[in-house]
Amino acid sequence: MAKYQRKTRNLFDIEGLYAHGWEPVTCEETRKEARERLKEYRENEPGTAFRIRKYRERIETQTAA
């Protein structure tokens, strides 16, 4: 019996609310890293709203030819 392999991975976008709406600023692979970046952005750009948006991305599998 084969071990289960995930078909997706979680990604966390840091988004800033600028003149044209929510724009992605950076992307992290773990929630912990995303929260650290969010704190840094909020400290460095006071007055700008920031948020974390979680989404999933399909993992591309390589098949041997």
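Colleague: Which side chain meets Arg 51 in a salt bridge, and at what N to O distance?

Modeller: Happy to help, and please keep in mind that this is a predicted model. A salt bridge needs a side-chain nitrogen of Lys or Arg within 4 Å of a carboxyl oxygen of Asp or Glu. Arg 51 meets that condition with the side chain of Glu 15, at an N to O distance of 2.7 Å.

Colleague: How many residues apart are Arg 51 and Glu 15, and which strands hold them?

Modeller: This pair links distant parts of the chain, 36 residues apart. Arg 51 sits in strand β3 (residues 50-58), while Glu 15 belongs to strand β1 (residues 8-18).

Colleague: Is Glu 15 buried or exposed?

Modeller: Good one to check! The cut-off for buried is under 20% relative accessible area. Glu 15 has 6% relative accessibility, so Glu 15 counts as buried.

Colleague: And where does Arg 51 fall, buried, partly exposed or exposed?

Modeller: Partly exposed covers the range between the under 20% and over 50% cut-offs. With 33% relative accessibility, Arg 51 is therefore partly exposed.

Colleague: Which residues are linked with Glu 15 and Arg 51 in a network of salt bridges?

Modeller: The network of salt bridges holds Glu 15 and Arg 51. Linked with them there are Asp 13 and Arg 53.

Colleague: Which side chains meet Arg 37 in salt bridges?

Modeller: One partner is Glu 28, at 3.8 Å from N to O, and Glu 28 is buried at 13% relative accessibility. Arg 37 itself is partly exposed, at 21%. Another partner, at 3.6 Å, is Glu 36. The names you want are thus Glu 28 and Glu 36.

Colleague: How many salt bridges does a search of the whole structure find?

Modeller: Those of Arg 37 include the pairs with Glu 28 and Glu 36. Across the whole structure, the search finds seven.

Methods. Residues are numbered from 1 along each chain as its sequence is written. This is a predicted model: local features need pLDDT of at least 70, side-chain atom pairs count only at pLDDT 80 or more; totals for chains, interfaces and linings use all residues. Side-chain values use heavy atoms; hydrogens and water are left out. Helices (H or I, at least four residues) and strands (E, at least two) are DSSP runs, numbered from the N terminus. Buried means under 20% relative accessible area, exposed over 50%, partly exposed in between (1.4 Å probe, protein chains only).
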